[in-house]
Amino acid sequence: MGGRRKARIAIIGAGVSGICLAVKLKLSGNDDFVVFDRGGTVGGVWRENVYPGVSCDVPSRIYSFSFAPNPDWDAYFARGDEIRSYLDRVVERYGIGPHLRLGEEVVEARFVAGEWRVLTARGVESRWDFLIAATGLLVQPALPELEGRNAYRGVAMHSAQWESGVDVRGKRVAIIGTGATGTQMTCALAEETEHLYLFQRTAQWVFPKPARRYSVTTKGLHRLVPGFSRLADRFWRVAFQGTISAAAVSAGWQRRLIGGICRLSLRQVRSKELRRLLTPVDDPMCKRLVAASGFYRAVQQQNVTVVGEEIERITERGILTRDGREREVDVMVFATGFRADTFMRSVNVVGRAGRTIEDVWSDGPRAYRTVALPGFPNFFMMVGPNSPFSSESVMRIAETQSDYVLRWIELFESGAVAEMSPTQEAADRFNELLRSAMPGTVFSSGCASWYHDSRGSLMVWPWTVRSHHRMLSRIQLSHFDIRQREEAGRSGPGSESGACP
Ligand code: NAP
């Protein structure tokens, strides 16, 4: 056993999960960490997604960290700008600022001689005991392979690259995609545009989320009476987990209830033809359930057309569909989602014996218990493969995973371990369990969505959110290859360790 020593930690990503871990490190007394982010501010997806109507599909009361309750949420489902300012306040309140390395993109991280060597795009190398990928999930825009995409002469952009100067008032606008983004954007733009064309490839179920705001009195109560605020949070947590989360993983009354609400909501569409066009063929929640306020009202406006015809190609002036019709537009938005299975692959992460993430994920992203990878010592992922992102607030996932990482850091600092990575056998066993549990979930009821990796395997969590928390509430040493400090010091880069006794 070695003596006590502080761990040096590099976090990649200053989004929700990176901020969460940073605060937890700070609260545990660790000051030797940095948070790299290629962006100029914190916020991750909430920094990138500034399209009109952007808001959260998880109730705001449970979209905050347990260590930083937010009595000031304005909307029941927070707007993007509210979430951004909440995250800014958390960073400020916990003194994370000096640890931030904003505008510094990590391009490579390599495990050499017992430490992580982190290289930024500017060519600066630094060395760390732990590397944490808090690089996010919905980051890499997925642009469709449509013929003529570059021929279009108007303004075209992916939803995550919304240009703030674009004025759509009185313009003809095309939105391609009817996921959460396309739906929210439709609700926000329907009133403003001269004509809005919503190009739908597959109809999605839409859950009518309330467009309500907290009154001044309620906000005051949340601020002045912490017990009331905690009670409200508890109410939303129980309601959310008892319905949405439960419905995803078991076929009980919750799934019927949510399906029933979605079907009832669709009845608002008066035209039979339009209703038929908007009726999905798959089960509610097979894809990520879209939650929006006023979507069916928006698509029934005179100036809104839902186009169900397949897109043939993009033209210089607009979009040509298979029926030979061309819709001319001034602005075209690709609300076509993200390559969620990319995870941290924008960084060349190289573990023991020169193994890269590309090597180990050649069959798709797999992790040990959503957080770690065999052959990548002292490396952890936040919101990694199969995390319960389909049915839980990312704040909670990040907290559970941060606490797990902190346990390992404590062990490291105590001198009990110097290097740890899960055994291949433990990771394989966990992934086998995952695979066998998938058929019971609604996600495998037959639809395509970003829940699947490029080979069609599901990347979601097939059990309850609580079981994820329970699973990570303790470390199972027998699942890990462990090296003591002297041993780690003796071995050169590229050598393999034995299994933990
Ligand atoms: P998405 O759910 O993946 O939806 C992409 C949409 O684009 C789908 O309707 C898809 O159709 C369509 N599409 C893709 N390629 C196409 C093509 N070549 N031609 C026509 N249509 C095409 O992406 P998203 O809406 O950006 O949402 C992604 C996730 O981000 C959400 O599920 C949600 O978790 C998260 N999000 C959250 C919030 C929030 O409130 N917290 C807000 C926005 C987004 P198909 O269905 O046919 O594939």
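Guide: Welcome! Let's start with one residue: Arg483, at 4% relative accessibility, counts as buried; buried means under 20% relative accessible area, exposed over 50%, and partly exposed in between (1.4 Å probe, protein chains only). Please keep in mind that this is a predicted model, where local features need pLDDT of at least 70 and side-chain atom pairs count only at pLDDT 80 or more, while totals for chains, interfaces and linings use all residues. Residues are numbered from 1 along each chain as its sequence is written, and side-chain values use heavy atoms, with hydrogens and water left out.

Visitor: Which side chain does Arg483 meet in a salt bridge?

Guide: The general idea is that side chains of opposite charge can pair when their charged atoms come close. The cut-off is a side-chain nitrogen of Lys or Arg within 4 Å of a carboxyl oxygen of Asp or Glu. Here Arg483 meets Glu419 at 3.6 Å, N to O. This pair links distant parts of the chain, with Glu419 in strand β20 (residues 419–422) and Arg483 in strand β21 (residues 480–483), 64 residues apart. Strands (E, at least two residues) and helices (H or I, at least four) are DSSP runs, numbered from the N terminus. Glu419 is buried, with a relative accessible area of 2%.

Visitor: Is Arg127, in its pair with Glu115, buried or partly exposed?

Guide: Arg127 is partly exposed, at 38% relative accessibility, whereas Glu115 is buried at 14%. Their salt bridge has an N to O distance of 3.2 Å. Both residues belong to a salt-bridge network that also links Arg5, Arg8, Glu125 and Asp129.

Visitor: How many salt bridges are found in the whole structure, and how many between domain 1 and domain 2?

Guide: The whole structure has 39, and six are counted between domain 1 and domain 2. Lys219 and Asp74 also form a salt bridge, at 2.8 Å, N to O.

Visitor: Where do the two domains lie along the chain?

Guide: Domain 1 covers 9–140 + 341–491 and domain 2 covers 149–334, with bounds from an automatic or database domain assignment. Their contact (heavy atoms within 4.5 Å) takes 43 residues from domain 1 and 37 from domain 2.

Visitor: What is the area buried between domain 1 and domain 2?

Guide: The size of an interface is often given as the accessible area lost when the parts come together. Here it is about 3,900 Å², with 55% from carbon and sulfur atoms, summed over both parts (1.4 Å probe). In domain 1, Tyr51, Arg61 and Tyr76 lose the most area to domain 2, together 21% of what that side buries.

How values were computed:
Buried area = accessible area lost by both parts, 1.4 Å probe.
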